[in-house]
Amino acid sequence: MTTAEWTERYQGAVMNTFGTPQTVLVRGEGSHVWDADGKQYLDLLAGIAVNALGHGHPAIVEAVTQQLTTLGHTSNFFATEPQVRLAEKLVELVGHDARVFFTNSGAEANEAAFKISRKTGRTRVVVAEGSFHGRTMGALALTSKEAYRAPFEPLPGDVSWVPYGDAAALEAAVDETVAAVLIEPIQGEAGVVVPPDGYLQAAREITTRHKALLWLDEVQTGVGRTGAWFAYEQSGIVPDVVTLAKGLGGGIPIGACLAIGEAATLLQPGNHGTTFGGNAVATAAALAVIATIETDNLLGHVITVGDQLRRGLVDHPLVADVTGRGLLVGVVLRHPLAAEAQKAALAAGIIINNATPERLRLAPPLVLSENEAAHAVMVLRSVLDEVSA
Ligand SMILES: Cc1ncc(COP(=O)(O)O)c(C=O)c1O
């Protein structure tokens, strides 16, 4: 079966929410994937910041296989060993008194956090323009893109919007009616937008002063992607609520809502639930991801290779700026040619994302080697030459 034949079958059976697939992938190994026509790609998107250890990593394969043959799933009437171990490990990484609620996705992690915010006794959530927090109705209410929201109004209310990165606007918007301020430490879907230095510290100070929760969405930035376990650590602050997903399971669906201090006690028995959240196989996969990041010293590696990618691209004439931290890389183009660049890169065997008309996003596996990064830079520079011409 060719890519064209699979695509036709896809269109005949799968709802058309994602448009036409770019290709049909059949196999992955390390930082590479192959399509149904046998073409090889260097995967600089990693399932959108998901395949932290690349494709088919033996640690995940072994952990999942071992857990599935031991105990695959139980209801949440029961606890399992990997679930407890993962919760403990996440609490250890947070380094403060925290508790975890497991989910299956980023949107669901944010739904849990949204419910935590309501349990403060206040309802208002202050959110940044340009934000993306997911597509479920609650998460969508906190997502800024009008085109995503409009068909589904009315969404859950009492949401206020502030410009991203503007501490003065946050100061003006937050008062004693605010339950939570929700921020991405770096806005991923908006095209890897980094706020000015001091922004997260200001958000921490303002929310503390008004007794509002500081809720950080680290679904895209968390679990090593920026060279720290959590991007907020790089600002020296501690939030009240953190949401994770994407890289946590390295490709096995899992999300988590972490709450620190008093926020960890707001959800009480009966307030929230999920059938699959905290599933034994998914939590075993996440433990393998975290253990491998630790044993292979990937946090340092992520900084080195991320800087290599940025350095390699920053002086191309079409590039106005390179953004992000670690292996969340934004490439800001001088002209709205990101869609053309993404297509040309795909044709040249490199998977990247056009997050906006001007911004390319790279979120490769954290295991991307320096040789692979050097190859990526060489090909992407010629792709940028091609689309500039
Ligand atoms: C910052 C952020 N939050 C939430 C989500 C939603 O996660 P999911 O697609 O797993 O529901 C995403 C997905 O791109 C994201 O980048």
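How far apart are the mean positions of the positive and negative charges of the chain? Let's start with that in the first legend and then move in closer.

**Figure 1. The whole chain, shown as a predicted model.**
The chain carries 27 positive and 41 negative charges, and their mean positions are 3 Å apart. As you trace the fold, you will meet 13 helices and 15 strands. The radius of gyration is 21 Å, close to the 21 Å that the globule rule gives for 389 residues, so the chain is as compact as a globular protein of that length. Along its principal axes, the C-alpha trace spans about 55 × 55 × 45 Å. Of the 389 residues, 54% count as buried. The surface that the chain exposes comes to about 16600 Å², and carbon and sulfur atoms supply 56% of it. Take the contacts with a separation of 6 or more: residues 24 or more positions apart account for 69% of them.

**Figure 2. Helix α10, a mostly covered helix.**
Helix α10 runs through residues 280-295. From its first C-alpha to its last, α10 reaches 22 Å, close to the 22 Å expected for its 16 residues at 1.5 Å a residue. Twelve of those 16 residues are buried. Try finding them one by one: A280, V281, A282, T283, A284, A285, A286, A288, V289, I290, T292 and I293. What do these buried residues pack against? Their partners are three helices, α3 (58-70), α4 (81-94) and α11 (298-314), along with β4 (98-103).

**Figure 3. Helix α13 and its buried residues.**
Helix α13 takes in residues 370-388. At 1.5 Å a residue, its 19 residues should span 27 Å; the end C-alpha atoms are 27 Å apart, which agrees. Which residues of α13 are buried? They are E372, A373, A376, V377, V379, L380, V383, L384 and V387. Here is a handy idea to keep in mind while looking along a helix. An α-helix has 3.6 residues a turn, so residues three or four places apart point the same way.

**Figure 4. W161 in strand β6 and the residues around it.**
Strand β6 covers residues 159-162, and W161 is found there. Is W161 buried or partly exposed? With a relative accessibility of 30%, W161 counts as partly exposed. Leaving out residues up to four places away in sequence, W161 touches V127, A128, E129, S131, A141, L142, T143, S144 and R149. For a sense of scale, look for G106: its C-alpha atom is separated by 21 Å from that of W161, and the two residues are 55 apart along the chain.

**Figure 5. The loop between α7 and β6, home of P154.**
Two details of the backbone are worth a close look here. One is the peptide bond from E153 to P154, which is cis, with omega near 0 degrees. The other is D158, also placed in the loop between α7 and β6. The phi of D158 is near 65 degrees, a positive value in a residue other than glycine. Why point these out? Most residues other than glycine have a negative phi, and most peptide bonds are trans. D158 is partly exposed, with a relative accessible area of 37%.

**Figure 6. V192 in the loop between β7 and α9.**
This loop joins β7 (178-183) and α9 (199-209). Phi of V192 is near 65 degrees, and this is a positive value in a residue other than glycine. Is V192 buried or exposed? At 0% relative accessibility, V192 counts as buried.

**Figure 7. I186 and G188, seen in the loop between β7 and α9.**
I186 is buried, with a relative accessible area of 1%. Beyond residues up to four places away in sequence, I186 touches Y164, V192, V193, V194, T221, T226, G324, R325 and L328. V192, from the previous figure, is one of these contacts. The C-alpha atoms of I186 and V383 are separated by 26 Å, with their positions 197 residues apart along the chain. G188 counts as buried at 0% relative accessibility. Apart from its neighbours within four places in sequence, G188 is in contact with Q220 and R361. G188 and L362 are 174 residues apart in sequence, and 10.0 Å apart in space, C-alpha to C-alpha.

Note on methods: Residues numbered from 1 in each chain as written. Predicted model: local features only at pLDDT ≥ 70, side-chain atom pairs only at ≥ 80, totals over all residues. Heavy atoms only, no water. Helix = DSSP H or I, 4+ residues; strand = E, 2+ residues; numbered from the N terminus. Rg over C-alpha atoms; globule rule 2.2 N^0.38 Å. Buried < 20%, exposed > 50% of the residue type's maximum accessible area, 1.4 Å probe, protein only. Contact = heavy atoms within 4.5 Å. Areas by Shrake-Rupley, 256 points an atom, 1.4 Å probe, with all protein chains shown as cover. Lys, Arg positive; Asp, Glu negative; His and termini not counted. Charge placed at Lys NZ, Arg CZ, Asp CG, Glu CD. Expected span 1.5 Å × (residues − 1).
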